[in-house]
Amino acid sequence: MNKTIPHLITIIILILIQNLYAKHPIENNNLKNITLQLQWKHQFQFAGYYIAKEKGYYKDIGLDVNIKEYTYNKDIVQDVLNKKAHYAVGRSSLVINKAKGDKITLLAAIFQSSADVLIALKNSNISSLKDLKNKRIMITGNAQNDLIYLSMLFSNNLSIEDLIIQKHSFDIEDLVNKNTDLMASYISNEPYRLKKEYGLDSIVFAPKDYGFDFYGDILFTHEDRIKSNTNEVMKFKKASLKGWKYAFANIEETINLIQEKYNTQNKSKEALQYEAIELQKLAYYNTKELGLLDVNKIERIYDAYKLMGIAKEQIDFKSFIFDDTQMNSMFTKKEKAFLKRKKTLRLCIDPNWMPFEMFTDDGKYIGLSSEYFKLFSEQLKIPIKAIRTNNWSETLDFMKKRKCDILSLAMETPNRKQYMDFTSVYMQMPLVLATKLNVTFVDNFKQLKNKKIGIVKDYAYAEIIKNKFPYINIVEAKNTKDGLAKVVNEEIFAFIGAVADISYFTQKDFVGEVKISGKFKENLNLSIAVRNDETILLSIFNKLIENLEDDFKTKITNKYMAIKYDPTINHSLLWKSSLIFVIIILITFYWTYTIKKEKRKTELLLIKLEFARNQLKEKNKELKHIARTDKLTELYNRVKLDDALIKELSRANRYNHSLGIILIDIDNFKQVNDTYGHLVGDMVLIDLAKILKEYTRDIDIAGRWGGEEFMIICPETNIKGVNKLAHLLKEKIETYNFPEIRNITASFGISQFRIKDSPDDLILKADEALYKAKNAGRNCVRGYTN
């Protein structure tokens with residue numbers, strides 16, 4: 001047989017694997033859901049946010065941003081204050097809200113000059129502001145929003161008595177049909193529509209041309225979000241401005257995106273192009289910097305409101321505008337002076353403790369902790385230099401001898417307290433027992449009596465284990481890899497370590513040789529340790545830890561931990577199944593070639609092919625199950641729920657049947673994870689899923705919507721039936737005895753299908769009802785009312 005054939009097959013398979021992984025990178029889907037509320041309908045006016053979402057700028061910072069368009073009578077500021085929206089786009093009139101005591105902070109002004117204008121038809125015999133006396137003018141009727149127009153008019157000696165004020169209809173045909181003389185409009189929309197749709201020229205009165213230069217489309221958020229999620233706010237602002245920069249630099253591509261995904265107003269390409277060009281002028285009006293917010297300009301805007309008698313209160317304008325550099329403001333003058341004098345901080349780590357941390361052969365510091373200290377260095381604005389050591393014992397020695405200022409990950413012990421101070425715990429990890437495969441699960445640690453158990457030399461939890469289990473024979477290991485090797489070579493019975501590093505080295509070096517056979521109640525509680533002769537370091541690093549965001553910690557943990565939950569389709573299995581299929585084809589070719597050359601028996605080929613086909617069938621069955629099932633709870637996943645909701649809506653529309661949905665959110669679930677750990681949190685999710693399975697009908701479709709949220713689709717059910725089921729589930733959940741934590745509650749939002757509702761409409765109604773349930777004190781059911 002030609003020996004090059006198997007070699008060629010190997011090369012082809014390697015190329016296929018490489019291409020498959022290149023085309024299907026593993027994604028981190030553990031994103032934080034936030035809402036951005038727009039101040040109008042989807043159009044180019046909000047293009048930068050669409051780009052930031054679709055180009056992955058938000059995803060890159062760990063955010064899944066829900067961009068909500070404006071609905072009539074919505075109070076955008078109240079949505080932010082009530083935390084229904086995390087961020088929003090508003091007008092310069094936000095200064096009035098601030099003056100009234102509303103806790104809002106401005107992040108960026110997308111348009112340096114407002115797009116708000118008054119327009120009239122050119123054939124209306126109106127050529128200047130002087131011609132407006134006794135003319136009809138359509139404005140919103142909201143003094144805060146209308147001030148920009150009224151200021152322009154009043155400055156030209158026109159009073160309210162000189163005008164006939166009409167409530168805005170938001171219908172341009174009222175201008176066309178002479179039902180009004182002037183209309184408050186957007187420079188980027190209505191002039192184009194008048195010309196294109198009606199062949200009419202317009203005359204535009206722009207407040208900025210009369211000295212009233214207000215900002216337009218100001219991105220803002222709640223003050224509390226600045227305090228609790230400073231990093232997120234900074235990154236969200238940066239990602240949004242990056243989106244705007246791209247949108248203006250790639251107008252045609254952005255328009256195509258809007259028409260494909262965000263064109264609820266059915267705007268033409270030409271209309272969007274006109275809008276883009278006009279808004280680009282306003283975004284860069286008198287500046288080259290996108291999003292600029294000048295405190296002096298904000299003061300001048302507020303002065304205009306005061307002159308009109310709309311505002312009287314004083315505002316702290318500096319605190320009103322978000323300071324990108326305010327991360328540094330969390331430190332005292334003394335701490336800042338110390339950092340300035342220090343110039344560089346020296347960091348010691350465990351040099352061989354992946355996935356937590358290690359030095360590569362070329363001396364590069366990598367691993368989970370490296371991500372934290374990269375962030376800390378950016379926030380402190382000074383370098384943090386990792387000092388290389390050979391092992392953990394040498395790392396501790398370096399800290400004793402003050403060769404390092406900081407120790408990245410350490411447990412507090414009385415001995416270490418002699419030369420180090422410890423911050424609050426910022427990382428927790430279960431301690432587990434690793435053994436050979438033939439060992440049964442260890443649920444009683446007395447089974448370990450007189451057995452040799454490995455622990456890394458000088459690790460703090462060795463002391464805990466010795467005190468709690470004095471009958472265990474402790475054997476020191478150099479590191480985790482060394483300890484697991486001792487297990488494989490039967491030098492020791494088992495090895496104790498953190499679940500993360502044992503999982504990492506098991507999959508990297510000991511696949512099929514060791515397994516986790518037991519879990520201790522004790523956790524690895526890791527802090528940052530600092531040298532205790534410079535006590536100011538302790539307060540600095542405690543502040544950094546306090547400011548860490550949950551989504552950052554989750555993202556980094558998921559990036560490095562070998563065991564993680566992924567609620568989406570298992571692409572890895574998809575690739576493997578595809579690869580199996582390719583391999584089957586190649587095997588078929590290989591055997592066919594062999595038969596032709598050497599006339600071997602065809603029976604062997606048929607057996608192998610049949611076996612391969614059966615394997616492929618089994619893999620495809622498994623793939624279908626995984627593609628629609630949540631791995632943890634065994635309920636349907638979001639992909640399946642989306643598909644099911646579309647089908648049920650189509651059926652309800654066609655046959656005019658009832659349909660309702662329930663959104664369920666576990667109350668205070670973050671506290672469960674923080675207090676009891678994620679393993680207990682996972683058990684809560686599993687048990688709650690069992691309740692949903694038990695008390696829903698066969699035709700109901702229950703699934704995990706994401707995180708601690710669940711959805712139930714209820715076909716053939718009116719709002720009364722949905723409400724009854726929601727109350728039943730609420731009662732069953734609050735009376736269920738959950739392991740460890742005993743009792744939890746959940747909040748419920750329900751909604752009912754109406755003719756022509758889209759899936760998004762139905763979900764949005766249930767989501768708004770869920771917000772009401774949470775605002776009502778949780779553990780209750782609320783329905784959507786409109």
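In what order do the 3 strands of the open sheet lie? The views below, taken from a predicted model, start there.

**View A. A sheet of 3 strands.** The sheet is open, and its order is β12-β13-β14. Pairing is antiparallel. Strands β12 (352-353) and β14 (365-366) form the edges, each pairing on one side only. Between β12 and β13 (residues 357-359) there are 2 bridges. Trp-353 sits opposite Glu-357 of β13. Strands of a sheet pair through backbone hydrogen bonds.

**View B. The largest nonpolar core.** This core holds 87 residues. Tyr-372, Phe-373, Leu-380 and Phe-541 have the most contacts inside it. Strand β22 (residues 514-531) supplies the largest share, 7 residues. Apart from this core lies another, of 56 residues. Its members include Tyr-87, Ile-119, Met-183 and Tyr-186.

**View C. Surroundings of Tyr-372.** Neighbours within four places in sequence are left aside here. Tyr-372 then contacts Tyr-426 and Met-427. Tyr-372 also touches Leu-548, Phe-552, Lys-553 and Ile-556.

**View D. Two sides of helix α26.** Helix α26 spans residues 669-676. Its buried residues are Phe-669, Val-672 and Asn-673. Viewed down the axis of α26, these buried residues fall within an arc of 95°, so they line one face of the helix. An α-helix has 3.6 residues a turn, so residues three or four places apart point the same way. Gln-671 and Thr-675 are exposed on the other side of α26.

**View E. Packing and exit of α26.** The buried residues of α26 pack against β23 (659-666) and α27 (678-695). Gly-677 comes just after α26 and adopts a positive phi of about 95°.

Terms used
Residues numbered from 1 in each chain as written. Predicted model: local features only at pLDDT ≥ 70, side-chain atom pairs only at ≥ 80, totals over all residues. Heavy atoms only, no water. Core = buried A, V, L, I, M, F, W, Y, C linked by side-chain atoms within 4.5 Å. Buried < 20%, exposed > 50% of the residue type's maximum accessible area, 1.4 Å probe, protein only. Helix = DSSP H or I, 4+ residues; strand = E, 2+ residues; numbered from the N terminus. Contact = heavy atoms within 4.5 Å. Pairing = 2+ DSSP bridges. Arc of directions from axis to C-beta.
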